[in-house]
Amino acid sequence: MKDRVAIIMAVILAALVAVEWLWVPHYAPKFPWHHMPGYAALIGLLACIFVVLLSKALGAWLLQRPESDDD
Amino acid sequence: MAMGGGALAGWAVAAPFIAALLILAGPRRLVEAWGYIAAVVAVTLAGLLLPAVRAGQTVELVLFQLAPGLDLLFRVDALGLTFGLLASGLWIVTGVYSSGYVRSDDLKNRPRYFAAFAASIGAAMGVAFAGNLLTFFLFYEALTLATYPLVVHKESEKAFRAGRRYLLFALGGGLALLTGVAWTWQLAGTLDFVPGGFLQGQTTPTILAVLFALFVTGVAVKSAVMPLHAWLPAAMVAPTPVSALLHAVAVVKAGVFGMMRMLGFVFGPASLAGLGGAEVLAGLAAATIVIGSLIALRQDNLKRRLAYSTVVHLSYIVLGAALVVPFGMVGSVMHMVNHGLAKITLFFCAGAIYAASHRENISEMAGLGRVMPWTFGAFTVGSLALVGIPGLSGFVGKFFLARGAIEAGDMIALTIMLGASLLTASYLLPIVRIAFFPGPRPDGEPAPRRAEAPAAMLVPLLVTAVLVVLFGVVPGIIGVQYGLASDVAARVFGGAP
Amino acid sequence: MTTSLLLHPVLPYIVAAALAPVAGVMGRRLLSLAAPVVALAFLLTLPDATASLAAFGHDWVLLRTDGLARVFALAFIVYSFIAGIYAWQETATGPKVAALALCGAGVGVVLAGDLLSLFFFWEWLTVASLFTIWFGNTAGAWAAGFRYLVFHLLGATVMLMGILLRMAEGSTAFEVMPATDISAWLILIGMVTNAAVPPLHAWLSDAYPRASVFGTVFLAAFTTKAAVYALARAFPGVELLVWAGAIMALFGVVYAVLENDIRRLLAYHIISQVGYMVAGVGLGTALALNGTTAHAFSHIFYKGLLMMSAGAVIYATGRGKLTELGRLAGPLRWTLVLMMIGAFSISGVPFFNGFVSKSMVVSAAAYADRAPIELMLLIASMGTFLHTGLKLPWFTFFGTDNGARVLRPVPASMYVAMVLAAIICFVTGVIPGMTLYALLPFDATYDPFTGHHFLESLQLLLGTALGFWILRVKLGGEPTTTRDIDVLYRQPILWAVEGAGVAFEAFGRAVRTTTGVAIAGSWQRLQAYHTRHGTRTLAVQSTVIIATLAVAGYIVLAVRG
């Protein structure tokens, strides 16, 4: 089954990136990624996946313990 | 003024002793009244001395001459007046509190109790106004003997054991003091207290060091500096008003007061420089602050925990004096009073809790704050003051003591003084927590009914709690208490801090 | 210019707190609303001025009103009014007094004009917070409250040490101080403790979620933001803070992934958001400091709104764990709407206040050529939206039905408070130039409404949403709690203190026993004697001994004389 929500989001995201690329470049580019259209979308998506996986790994390895009465 | 200053001082000391005699000799129904009258007289007379002392006039009374140059002598200065006002002023509230306490605890032998109490205050006033070492010594010993019947008042085996320990420590210290006094007379030919000391250049450093050890041992007992503190927690077997006024204020403050007299008016900065004694004393006091706090944390009996807290805070005062710098002295004088106010509040609360609920152990006090909200409100104020929350009395002393540590360049003392606040919070505030926050009430259980101690006990503890708040702010503005404290430092160190 | 202390905006709070115990339930409610109103009137009346009180040989500058102080004081006062409405249902005396004290102390901190006055209010902020936590009245709240107390007293002690050292050097001015000497560093450590900069942060996520739903709403606003104010006042441009802030912003994000308790999730995001402010202080440029100030202002209201809506969910259902919530969008639809306004604000959705304030700090990092900082703050923005904007509402209001039901309706007072906060979040987000930006004290202009800023934000948010959607199965709460840095010291400190106490007690007993044995001969004979002859003879004999010694001493003295 196709995930319709994901597809709609991806399409809108692509449209936003296109708008940035074609008409609205960074107003004061300073760092390499400022020149790259869609850097924010990429940060959003990749960092999200990375942070979630990292945190879950850290949690399983070190940080999580069962809830106790104390809490 | 009809009476001279010296006569005022003499009567201020005499009034409690006269009351003691009248209590023993007079009619039974006036037993408590004599105490009230004497307390008001003593504090009024002491208060009348305030302008003269602040103006720097000499207020002196020679009782009689023992030997040429050796008198029994009262001489009131800023330090003595501070202590005298503290002891006599708090006697008034303690008197009211005692009246409530003896009824609720059904105390026996009331004339002996009230007479010994009055005599103890008289002795404390004598200590405060003593103008030389000999007079100081006599009243200091009288204080020990007058408080003994109070410690053993319950006449239980435990009480007698505590009493024996008290006498062993206090009289042992007294012997050291007496030896020091006699030796000093031999060496210096005078015993009169002099701001800045009178021993410099009188003898060799070795003898000076021995003398220092003798004097400090003598007063360190009542100041409960470790390892000479063990009598104080044991003495908590006494009725609570005794613990409150004597073992939190008058007796122990006679110890730290004596410490300031010895350091500032017998030895002085000049002869302490390079001696090493003050440094050893400071080390002992600093150790007492830490160790006493750690032990206090482990006491479940409320009065014992408060007793160790007293041990700790007395050592703050000793440490301040032992730094031998102006701000340290100011801090010690301020904390002598301000700790007294906070600690008497806490002891009054402990007594009120016992009277109303017959509970002595902290672990049994869960939820008691709902039953006795005013008492535990006062307890909270007193606790926060001792932690050193600004705006309450305890902060003022801590503030100046810490500045003294900086003035002396002693970062260890600074760290201990400020850091021990955490320990104070750790052993006092959990009591507040247990009392007020016992956990949610089970469904259907009605709210507990209020049951405070009798008004005669409740009102004094509320009065002292209010004083704790006032002394955190007001003395700084109107300058009386702070003025006296800076006078002491200015005279000892020859210049305002 | 000096002014009268009688117009000090803290006074209404003190008066209200003092009157509250003797007022009735309705009286207390009105007092907690009247105090902010009067305080606001005072604040608006006051010119830019100082007022001081001479006591204990020191000039306590208890009041200083200038641009920076005004913004924070305004936010605190307005927020205390809103929180007062939210806590309308709180009928007990104690929590009301503690809340008034907390608000008053917070306002006091930002109006304090010298370091000792700062310390004064700083300590009362701790005390008021302690009691607010304790009013949670569970075993968890007791312990967390105590840990909170010890931690903050420690921070305050370090700070006081620094203040006194500075005082000895001759100045207690609460102004920019170069972080070069030891006293300044001590003060800095004290301040970052209250700002919850890792590794000094654990008290926050530990304690805030354990207060009552009303208590948390008060706690969330004051302590960290007051500390941000203090840092902005005293330590702008300290390099360490740039990195501390950026790490802080990311730190909370990692923990929020694992968090199941909805208020603790929000608490970790306080740490994250305060990270932006701390980084802004560290950057120290006019734009960065304006950003810090603006973001603190925004944060007070959107975080308040989020805590209020989380509190409303807990109030209504009696549950606060994501694994126990879900499918509440129907019965609690208005709470959902209001929570989403808070979530959009914190995430920087255009036309909400986070969009206009957070971006100032991020832009300031770019203008200062701090590439890694900008990147870290952008990633943190992603995390903010991921948790507060998606995870929290999704698993609370949508997701699976875990049996949560509305047991009692959310009272109107809570809705009123949340709507007020939501209005502030929205209005300052739409017309920042006429509202928030007009208050900012530093000389820097900023226009958030550029085409690229819109696109950047929307891309970031949508990218995050896509990631969330793909990973949503992994993101549900787990019935676990998360170990924080405090596991390293909680137990060891208790053991150390306990162990030392035991050791010293044992030592004392040993000494007493040994001493007893050493003097056993004479002393026990004496005791035996007294047992035979009655104990009171000891006093008499002692008196005789002393008297004899005294006479002997007198003879010696007389001979010499």
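In the predicted model, the contact between chains A and C draws 40 residues from chain A and 43 residues from chain C. On the side of chain A that touches chain C, at least two residues each come from α1 (4–22), α2 (39–63) and β1 (64–66). The largest share of that side belongs to α2(A), which supplies 18 residues. Sorted by class, the side of chain A that touches chain C holds 27 nonpolar, six polar and seven charged residues.

Strand pairing also links these two chains. β1(A) is joined by three bridges to strand β3 (residues 480–482) of chain C, and the two strands run antiparallel. Within this pairing, P66(A) stands opposite T480(C) in β3(C).

Chain C also touches chain B, in a contact that takes 49 residues from chain B and 44 residues from chain C. Seen from chain B, the elements that each supply at least two residues are β1 (59–67), α6 (133–151), α7 (157–188), α11 (277–296), α16 (393–407), α17 (411–436) and α18 (455–478). With 10 residues, α17(B) makes the largest contribution to the side of chain B that touches chain C. That side of chain B comprises 35 nonpolar, nine polar and five charged residues.

One residue of chain C illustrates how chains B and C meet. W142(C) lies in helix α6 (residues 139–169) of chain C. Apart from neighbours within four places in sequence, W142(C) is in contact with R433(B) and F437(B), as well as with W134(C). W142(C) counts as buried because 21 C-beta neighbours lie inside 10 Å, the cut-off being 20 or more. By contrast with these contacts, W142(C) and G433(C) are separated by 45 Å in space, C-alpha to C-alpha, and by 291 residues in sequence.

Chain C as a whole contains 21 helices and three strands. Its C-alpha atoms fill a box of roughly 105 × 60 × 50 Å, taken along the principal axes. Of the 561 residues of chain C, 60% count as buried. Contacts in chain C often bridge long stretches of sequence: among those between residues at least 6 apart, 82% join residues at least 24 apart.

The interior was examined next. In soluble globular proteins, nonpolar side chains tend to be buried together. The largest nonpolar core of the model has 455 residues, and the members that touch the most others are L231(C), V278(C) and L377(C). When residues up to four places away in sequence are not counted, L231(C) touches M191(C), A195(C), L241(C), V278(C) and V281(C). V278(C) is thus both a contact of L231(C) and one of the core members with the most contacts to other members.

In chain B, helix α15 (residues 373–387) offers a check on helix geometry. The helix has 15 residues, and at 1.5 Å a residue it should span 21 Å; its end C-alpha atoms are 21 Å apart, so the two values agree. α15(B) is mostly covered, with 13 of its 15 residues buried. After α15(B) comes G388(B), whose phi is positive, near 100 degrees.

Finally, the confidence of the prediction was considered. Chain C has an average pLDDT of 89, and 94% of its residues score at least 70. For the complex, the predictor gives an ipTM of 0.91 and a pTM of 0.91.

Technical notes: Residues are numbered from 1 along each chain as its sequence is written. Chains are lettered from A and ligands numbered from 1 in the order in which they are written. This is a predicted model: local features need pLDDT of at least 70, side-chain atom pairs count only at pLDDT 80 or more; totals for chains, interfaces and linings use all residues. A nonpolar core is a set of buried Ala, Val, Leu, Ile, Met, Phe, Trp, Tyr and Cys residues joined through C-beta atoms within 7 Å. A residue is buried if 20 or more other C-beta atoms lie within 10 Å of its own, exposed if 12 or fewer, and partly exposed in between; C-beta atoms are placed from the backbone. Two residues are in contact if their C-beta atoms, placed from the backbone, lie within 7 Å. Helices (H or I, at least four residues) and strands (E, at least two) are DSSP runs, numbered from the N terminus. Ala, Val, Leu, Ile, Met, Phe, Trp, Tyr, Cys and Pro count as nonpolar, Asp, Glu, Lys and Arg as charged, and the others, Gly among them, as polar. Two strands pair if DSSP finds at least two bridges between them. pLDDT is the predictor's confidence in each residue, from 0 to 100. The expected span of a helix is 1.5 Å times one less than its number of residues.
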